[in-house]
Amino acid sequence: MNVVDIPVAKKAVLDLRGWNFETMGNVPLNGEWRIDWENWNPKEDLANVDYTVVPGHWTNSKSERYPIGYATLSLTILLSENTKNLYLQNGITRNAFEILIENNSIYQSGTIGKSYSSEIPNLNIQTFALPDSKDQRIHLSLKISCFHYHVCGVATPYTLGSHIGINKLFLETLSRDLFVFASLLTLAFFHFVLYLFWRDEKTHIYFATVCFLAAVRLLSIGETRIIYNYLPAGIYETIVRINGITFVLLYLAFVLYVKEIYNSPKYNFIYRINYVIAFLLFFALPLDIIPFSKFLAAHLVLSLLGLLGLLYPIIHGVILKKPGSKFFLFSVIATMVLFSLDILTEFAKRGIPYLAQYGFLVFGLSQALFIAERMIENFRNKERLKQEKETAEAKVSFKTSFLSTMSHEIRTPMNGILGMTQILQQTELTEEQKEYLNLIKFSGDNLLLLVNDILDLTKLESGQFELHLEPISLQRLLYDCINIFKTQSDKNKLKIELEFVNEPPTFLVTDQRRFAQILTNLLSNAVKFTEEGSIFVIVESTPIDEKKIRLQISVKDTGIGIPEERMGNLFQPFSQVHSHLTEKTVGTGLGLAITKKLIEEMGGSISAQSIYGRGSNFTFQFEAEASFESSENDLISTPNELVKKTNWDSKLAEKYPLKILIADDDPINQKVSSLFLKKLGYSALQSENGEKTLDMIRTHLPDLVFLDIQMPDMDGITVTRFVRKSKTIPKQPVIVALTANVLEEEKQRCLSGGMDDFMTKPLLLHDLDFMIRKWAKNNLTPSNH
């Protein structure tokens, strides 16, 4: 059903006789409502009936605005036969209102009055059931009084629908507000902690302040106006003034943030103008609420004009090719566009939800790469590297410990952010909402990728990196890596082939995970910059003695190549030689830097040759022990044998009926995990601490336990040891560790503690599907007892 097909009220009648709420969804009660100015008991037989458009500022049929005052808005809704159990969700209605059905009051927000002193304003948004109609008609009335704000009437739509439809709408709206609120607070906390350790980098504290204030304002200007559900109705004026103050503080923090990044004397005039505009609002604080609200509205417009001036240093930074300037420009424009829409809603020009908070979220997430680059540059400061060896080692150790901790801390809320994004993407969304959600997911994925890459790079730089050598099947590993990219590429456009110059060794003693990481990094770059043509992986082995060989692997493509002037920055952290290209090429710029350091840790080297417009050739080599003896288990993977790990099955529970327990002390993570299991067809058991987990394992005997490592009373490893040693548990479950710590030491600690497997947060739906399949196919036999 297109938006244009949704019925609109005409002459105070909304005809929904052809509308099925169960199949066609909710209906906004938009259009012409009857308005009886300064009359709360209108008669049906009045000769002069006037109409106003909802949502919008209350006006008459001639589009002339009514002043502040009180009025009754009425609408008759015609329903199809057998329409029952309808629910209504109100929109933002200034300032106090009462909803009546057939002249019977069903809901009141604040206290309506006929004067400023008799009115107690409030802006609650609620959902409530409507009484069933006997004659398939609903006579809906709104008694509204508005004496505490200069713009009166209904700002956003009232919505009518079934119990499921309206509840879904409210939960989706509330989830979006909470999602944005949690995301902004996470960013604020992360960068505030960074500032505590790097006081000379003020960018972090300004950015943290912007995110924190944007999150605080969301409580009162978000779609659901969360704060009004928990505060007494009589403090509306206070909230309006606080909103004004928080806006000024947010405005100032944003200006200071831009000034810290583009700190040049030639921009000072622009910054001073914005300071003056921001502080103007403080002069209006002593005014009465009506003139203050008028001043606040004018101040919003003036602030937008001031912010337009800030585009000059930002655009100038793009022209000068400053690092991250394009990301910065995009995020600021996105925020300003949504801010402009909010101003239109504030003046009752558009009946849409308030959207600026989403702009701040896009802004916040897209700044992560930009600010992280400055942080890494701070780590690599040449003056610090000249300090004494002991001091340098202590700082490197501290840096690694800090980033490991912050990686863990940011992964926990990211589990909720990315998890709820996946769930929200599977609901019915408008195209505009899908666009915003895709931006959020894109920025969130990049933030997670950045955390992973920084952690890897830091371990390599600090010397705390260790290789885990083991015999691996070389051909199987090579084929598996290549087949992954074959399944992700269009075989009609891109050819990916593996060539052996001579007979490769059957087994190679090396670190399998790091070897695969090197190869997939190089293949990923080749695929990214080769839309059509060929990619060849050429393998050559040269014997050194009876046990050792030198293995040389070249990844050669026919892609766009690399400009000669950028070859020198190829292996530098956060250096992207094709950063001017489309979204397809977006990344952290750490891949090749990590690849080079991994190869050097393995005692090898890497080199690159490229001709711009014709392709590139990356070659790495290292020495390792090898064996040419064959084995029955040495099987080569083929594309048909490759198992995709990116799918999930909504009927998995029918194939593998299991009893599953989720143990996690974070309520958001519990919600995400239970929703994921519900998508797979499971009804999960849940516990929030170690003691309860032990009791539920003894009582319910689950087949599979997903166990959080960090819980308040008893950590996951301790719980596991109790379970494994218990003689009162007749059926030992398979226990899978859930942790935000991605260090290899953590994985080994979990497995040695009695756990059977290991999963890192953020938890994704297809990863959960894969883990359940893996152990269900193994008949759920625990590997540790």
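Helix 18 (residues 716–725) lies across strand 24 and strand 25, and its direction makes an angle of about 145° with strand 24. This arrangement belongs to a predicted model. Strands 24 and 25 form part of an open sheet of 5 strands, which is paired in parallel and ordered 23-22-24-25-26.

**The five-stranded sheet**
- The edges of the sheet are strand 23 (685–687) and strand 26 (757–760), each of which pairs on one side only.
- On average, neighbouring strands of this sheet are turned by 20° against each other, direction ignored.
- Strand 24 (residues 704–708) and strand 25 (residues 734–739) run parallel and are joined by 5 bridges.
- Within this part of the sheet, Leu704 stands opposite Val734 of strand 25.

**A further helix on the sheet**
- Helix 17 (residues 690–700) lies across strand 22 (660–663), strand 23 and strand 24.
- The angle between helix 17 and strand 23 is about 155°.

**The chain as a whole**
- The protein chain contains 20 helices and 26 strands.
- Of its 785 residues, 53% are buried.
- Among contacts with a separation of 6 or more, 73% join residues 24 or more positions apart.
- The chain exposes about 36500 Å², of which carbon and sulfur atoms supply 53%.

**Confidence of the prediction**
- The average pLDDT of the protein chain is 79, and 78% of the residues score at least 70.
- Residues 579–588 stay under a pLDDT of 50, and the model gives this stretch 26 contacts beyond four places in sequence.
- Residues 630–646 also have a pLDDT below 50, with 24 contacts in the model beyond near neighbours in sequence.

Definitions and conventions. Residues numbered from 1 in each chain as written. Predicted model: local features only at pLDDT ≥ 70, side-chain atom pairs only at ≥ 80, totals over all residues. Heavy atoms only, no water. pLDDT = per-residue confidence, 0-100. Contact = heavy atoms within 4.5 Å. Helix = DSSP H or I, 4+ residues; strand = E, 2+ residues; numbered from the N terminus. Buried < 20%, exposed > 50% of the residue type's maximum accessible area, 1.4 Å probe, protein only. Areas by Shrake-Rupley, 256 points an atom, 1.4 Å probe, with all protein chains shown as cover. Pairing = 2+ DSSP bridges. Axes fitted to C-alpha atoms, helices over the stretch in contact; angles between N-to-C directions.
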